[in-house]
Amino acid sequence: MAVSGEIRDLIEKTPFVDTHEHLLDERTRLRRAAAGEIPTDIGYLFSHYADSDLIVAGMSADDWKRVTTVGLDAKDKWKLIAPCYARTRHTGYLQNVRESVRMLYGEDDIRDDNFQAISDKVAANMKPGFYHRVLNDLAKVEYTQVNSFEHVVFNRTEDPALLCQDLSFVALSTQVSPEGITTLSKESNIEVGSLDDWIRVVDWCFAAYGPRAIAVKNQSAYNRRLNYAQVSKDDAARAFARFLAKPDGFAYEDCAPFSDFLFHYCVEKAVEYNLPVKLHTGYYAGSGRMPLHRVAANPGDMCELLQAHPAAKFVMMHITYPYQDEAIAIAKHYPNAYVDMCWAWIINPAASVRLVKEYLMAAPANKLFTFGGDYTPVELVPGHARIARKGLAQALSELVDEDWLDARDVPALVERLMRGNAHEVYDYKETLKAWG
Ligand SMILES: [Zn+2]
């Protein structure tokens with residue numbers, strides 16, 4: 001089926017609001033590269049997501065380490081990458097590396113005769129200001145929303161207009177740790193001897209960072225089900241006191257009473273600060289560890305949360321792949337449920353095209369976000385945006401061609417899906433004001 005040229009051109013020139021990345025601040029990236037902590041060669045292009053497919057295709061843990069860290073020269077890295085690349089070049093992750101290389105460095109594939117040139121260009125490209133070129137000019141994104149790991153809760157970024165920040169409430173609720181308590185206790189100047197003290201720290205975090213945050217984020221689905229129980233404050237306080245007395249011997253499950261209590265508490269704080277609640281749902285990053293029995297419970301568990309907090313806007317990230325049908329059903333049924341396609345385009349491009357088509361025929365169009373690169377290396381965002389634009393053009397063309405969508409509705413739909421919905425739900429302008 002032919003993709004409509006008109007739809008393709010429209011999508012090509014419309015900027016995305018990029019609703020999910022893990023980008024380091026540019027200054028951090030440059031500093032860490034200069035310190036030899038991050039490679040500045042071809043290995044870096046295979047260090048996020050692509051590496052998972054390489055490992056699953058047969059790369060050993062030792063070779064993976066050599067490829068993704070500093071030490072080996074580009075020639076030897078390519079020797080380790082090439083056989084696994086041949087086995088995986090058709091997957092979304094590897095197509096993404098290739099697309100990005102094409103857009104950034106003008107090379108249409110990675111081969112024995114050009115890996116060195118590409119590797120040299122990775123290093124040469126890394127200059128102050130390169131984030132704007134890569135994100136605004138090449139990926140054509142208006143701005144990004146970043147779940148940063150540079151601070152336990154909130155990264156005071158150097159560039160809030162380009163790298164809007166999520167407030168991570170993992171360390172406040174589902175993974176309270178002695179280190180997190182020490183850091184935040186110091187920052188807030190609140191000594192923590194009880195759950196009430198900790199709640200004051202949580203309140204302080206929201207007061208200090210909430211106005212500058214674009215959303216709150218939690219990825220505890222990597223460790224547990226999303227069935228957060230309604231626990232009384234007394235029970236939570238008792239468990240918290242036991243944890244404070246002996247944090248080292250405390251198992252993840254033993255934290256449940258206060259984790260669950262604090263999760264619900266933070267969701268209500270997010271409502272108070274008008275921040276959408278982004279939750280990791282579905283597929284796991286990495287390899288060899290995903291318990292699908294537990295992941296499969298995500299959609300059902302989401303329903304309980306949606307009902308418990310009707311004023312909260314819950315964003316189901318990554319289309320809850322491979323349970324995207326359930327995500328569509330939830331977005332159709334619950335006014336406060338949103339679906340985000342971040343990362344999904346490269347996990348499974350074909351499933352993502354289907355998701356767009358089936359979502360639009362089932363659920364209100366204002367609750368779908370269609371792009372987030374979900375990357376740490378900024379270099380890999382343009383390829384992902386390209387794949388998303390290609391898939392979106394295919395999905396909308398097919399809907400028109402199959403007579404499920406009126407061609408006259410396409411322009412407004414494109415605007416909405418690529419940026420309008422994000423501007424309705426995430427208050428970019430207010431957030432920027434708070435940065436001053
Ligand atoms: Zn992510």
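Two strands count as paired if DSSP finds at least two bridges between them. With that in hand, the exercises below work through a predicted model.

**Exercise 1. Find the bridge partners that link β1, β2 and β3, and state how these strands pair.**

Step 1. Begin with β1 and strand β2, residues 141–146, which pair in the parallel sense over 3 bridges. Within this pairing, D18 stands opposite T144 in β2, and E21 has V146 of β2 as its bridge partner.

Step 2. Move on to β2 and strand β3, residues 163–168, which are also joined in the parallel sense, over 3 bridges. Here V146 appears again, with Q165 in β3 as its bridge partner, so that V146 is bridged to E21 as well as to Q165.

Step 3. Consider finally how covered β2 is: 5 of its 6 residues are buried, which leaves the strand mostly covered.

**Exercise 2. Give the order of the strands in the sheet, and explain which strands have a free side.**

Step 1. The sheet is open and has 8 strands, in the order β1-β2-β3-β4-β5-β6-β7-β8, with parallel pairing.

Step 2. The edges are held by β1, residues 16–21, and by β8, and because each of these has a single partner strand, one side of each is left without a neighbour in the sheet.

**Exercise 3. Describe how α1 and α20 cross, and name the residues that make the contact.**

Step 1. Helix α1 covers residues 5–13, and its axis comes within 9 Å of the axis of α20, the two crossing at roughly 145°. The crossing is right-handed.

Step 2. On the α1 side the contact is made by I7, R8, I11 and E12, while α20 contributes R389, L392, A393, L396 and S397. Sorted by class, the residues of this contact comprise 5 nonpolar, 1 polar and 3 charged.

**Exercise 4. Decide whether P377 and G180 are buried or partly exposed, and place each of them in the chain.**

Step 1. P377 is found in the loop between β8 (368–369) and α20 (381–401). Because P377 has 23 C-beta neighbours inside 10 Å, and 20 or more are needed for a residue to be buried, P377 counts as buried.

Step 2. Leaving aside residues up to four places away in sequence, P377 touches Y44, S47 and H48. The C-alpha atoms of P377 and F46 are 9.6 Å apart in space, although the two residues are 331 residues apart in sequence.

Step 3. G180, by contrast, has its place in helix α11, residues 178–188, and with 16 C-beta neighbours inside 10 Å it counts as partly exposed. When residues up to four places away in sequence are not counted, G180 touches V152 and A171.

Step 4. For G180 and L162, which are 18 residues apart along the chain, the C-alpha atoms are separated by 27 Å.

**Exercise 5. Work out how domain 1 and domain 2 meet, and which elements of domain 1 take part.**

Step 1. The protein chain is divided into domain 1 (41–125) and domain 2 (131–435), and the C-alpha centres of the two lie 29 Å apart.

Step 2. Across the boundary, 18 residues of domain 1 are in contact with 19 residues of domain 2. On the side of domain 1 that touches domain 2, the elements giving two or more residues are α3 (42–45), α4 (50–56) and α7 (92–105), and the largest share, 9 residues, comes from α7.

Step 3. By class, this side of domain 1 has 10 nonpolar, 7 polar and 1 charged residues.

Technical notes
Residues are numbered from 1 along each chain as its sequence is written. This is a predicted model: local features need pLDDT of at least 70, side-chain atom pairs count only at pLDDT 80 or more; totals for chains, interfaces and linings use all residues. Helices (H or I, at least four residues) and strands (E, at least two) are DSSP runs, numbered from the N terminus. A residue is buried if 20 or more other C-beta atoms lie within 10 Å of its own, exposed if 12 or fewer, and partly exposed in between; C-beta atoms are placed from the backbone. Two residues are in contact if their C-beta atoms, placed from the backbone, lie within 7 Å. Axes are lines fitted to C-alpha atoms, for helices over the stretch in contact, and angles run from 0 to 180 degrees between N-to-C directions. A crossing is left-handed if the near helix is turned anticlockwise from the far one by less than a right angle, and right-handed if clockwise. Ala, Val, Leu, Ile, Met, Phe, Trp, Tyr, Cys and Pro count as nonpolar, Asp, Glu, Lys and Arg as charged, and the others, Gly among them, as polar. Domain bounds come from an automatic or database domain assignment.
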